Each structure stands twice: as structure tokens, then as C-alpha cells.
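Colleague: I should like to learn how to read a ligand site in a model. May we work through one together?

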Amino acid sequence: MRLHKYMAYCGIGSRRKCEELIRQGRVFLNGKQVTKMGTIINPDKDVVTLDQNQHLELVEEKIYIMLNKPQGIITSVYDPQGRKTVLEHMGWKGSRIFPVGRLDFDTEGLLILTNDGEFAFTMTHPKHQVEKGYYCVVKGLPKPQAINRLKHGVDIGGFVTSPAEVEYTGKSNGNAIFRLTIHEGKNRQVRRMFEAIGHPVIYLRRERIGNLTLGELNTGLWRYLSHKEVIDFKLLTGGKSND
Ligand code: URA
């Protein structure tokens, strides 16, 4: 790779600015000053320094993806049992990314994949109370008292959930449809909440995480998050946008 391009990838500035720094004699390759334009380097072996004291390292490009996960694939980068993973489903051949949190094998909907560990940490850390919105079809028609239990907090086996927003949106073939918003992310939490009131989930889809919504993204498809979506999410969780 050409030296000025490598420097740009290290976040030093534009390629033109990097050429200028080389011209000024401020760049050193394996301890030797470089002034020749077009010098080729090996990023795996060569050591580049600026002003003899600033050691340059590649800045990894951050990747943020939204997948509308279909049923029947697992939220993992590898499955010892050989089941299809989200990355295989996407046909992902790019650099290392990983899913943030998980959706069950049979749950559809919004799943974020990234290589940004801090972003993932923020999204899943209970401190940030990021809202998650689910569309749920449950068996039978829960009585108002049962729905109130969900609203106020229900014991799902050693853990009492925080108050949730529950909106009944209608029924289909004698089964009720709800939109549920929670701030927690316990394992199989939504399924366990409805099980606790005696109305197991038949179909579950996550539609929202904080400001991120599935919108028009069809089941099985994925897209990159926009710059604005990433910034807004960071701001929502009290982080700095770095912009
Ligand atoms: N709650 C569940 O029960 N399952 C999911 O996949 C996500 C939330």
C-alpha cells in the first residue's frame, strides 16, 4: 500500500494532507525519514511514525448493520450444531462483525450487527434502559388483569420485570395481538412474560431498539445504518457522537 494512503487510513487526514507531511520530512518508515512520494509499505510489517514520536496504527472502519432476522436462524457468528447463523444468512464476507444481543431462533425482527464494541456495550447495558419494541401474537385473549400484571411487572422466574408499556392492538383467529415496549433484555424475556400470565407467544417480532426501527426493511433483508441513525443512537444513550 502507498504510504500516504496508509497514513490516511490511520486517521491522520486526507491523502493530500498526508502527502504534504511526507514532503515536509515529518514521516519516518522503520526509523528512516521518507521524502519520496509513492513509497510502498507493508502495513503488516513496517512501522510508520509521524514526527518521530507518533506511531501510526490503522483505524478500523466502523460497520453498523440492521438485519430483519427471519425465523429459523441463530443469532451467533458460529454454531457448533451447524445451524444457519445470521452471518451465513446474510452471505457476509466482509470484516469481522458480531450481533448485538440476541433474538431467539423463532423470533423475527430487528437485529444490529457491528464491529463497534462500545456501541454494542451501550446498546445492551441495563444502565442505558434502551427501549425495545415488540409485536407479539399470543395464545388466547388475556383478561385486563393479566395485561395489568405485564404493565406493572411480572415474575418470570427469579426476576420481576420492570413496568412495561402494553398496547392491545386487536385479535386474529381468537389470539390477541400486542405491542410491548420493555427496557430490559433478559433471556427470552417477552416469551417468559406472556408465559407468566398464561398466554404463550405464538409469533414475535422486534420492531424497534431506541431510535432504530425496521421501517420498510422486509424480513430476511439487511441494510447499513445511516450516519444519522448511529449519531442519534449515541446521543440517545448519552454518549458523545465523536462528530
Ligand atoms: N424476548 C424474547 O422472548 N425473545 C426474543 O428473541 C427477544 C426478546
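**Reading the ligand site**

Modeller: This model is predicted. Let us begin with one contact: an oxygen atom of the ligand has a backbone N or O atom of Arg 191 at 2.9 Å. Taken alone, the ligand exposes 240 Å², of which the protein buries 95%.

Colleague: Which side chains place a polar atom 2.7 Å or 3.0 Å from the ligand?

Modeller: A polar contact is a pair of N or O atoms within 3.5 Å. In the side chain of Asp 104, an N or O atom is 2.7 Å from a nitrogen atom of the ligand. Thr 107 has a polar side-chain atom 3.0 Å from an oxygen atom of the ligand.

Colleague: Which residues are around the ligand, and how do they divide by character?

Modeller: A residue counts here if one of its heavy atoms lies within 4 Å of the ligand. The residues are Leu 103, Asp 104, Thr 107, Tyr 134, Arg 188, Gln 189, Val 190, Arg 191 and Leu 204. Four of the shell residues are nonpolar, two are polar and three are charged.

Colleague: Which helix gives the largest share of the shell, and which domains each supply at least three residues?

Modeller: Helix α6 (residues 189-196) gives the largest share, three residues. Domain 2 (64-126 + 215-236) and domain 3 (131-209) each supply at least three residues. The domain assignment also gives domain 1 (3-55), and the C-alpha centres of domain 1 and domain 2 are 36 Å apart.

Colleague: In which pocket does the ligand sit?

Modeller: The ligand occupies the largest pocket.

How values were computed:
Residues numbered from 1 in each chain as written. Predicted model: local features only at pLDDT ≥ 70, side-chain atom pairs only at ≥ 80, totals over all residues. Heavy atoms only, no water. Polar contact = N/O pair within 3.5 Å; in protein donor to acceptor, adjacent residues only side chain to side chain. Areas by Shrake-Rupley, 256 points an atom, 1.4 Å probe, with all protein chains shown as cover. 1 Å grid on protein atoms, 1.4 Å probe; cavity = no way out; pocket = protein on both sides within 12 Å on 5 of 7 lines; lining within 4 Å. Sits in = over half its atoms within 2 Å of the grid points. Helix = DSSP H or I, 4+ residues; strand = E, 2+ residues; numbered from the N terminus. Nonpolar A, V, L, I, M, F, W, Y, C, P; charged D, E, K, R; others polar. Domains from an automatic or database assignment.
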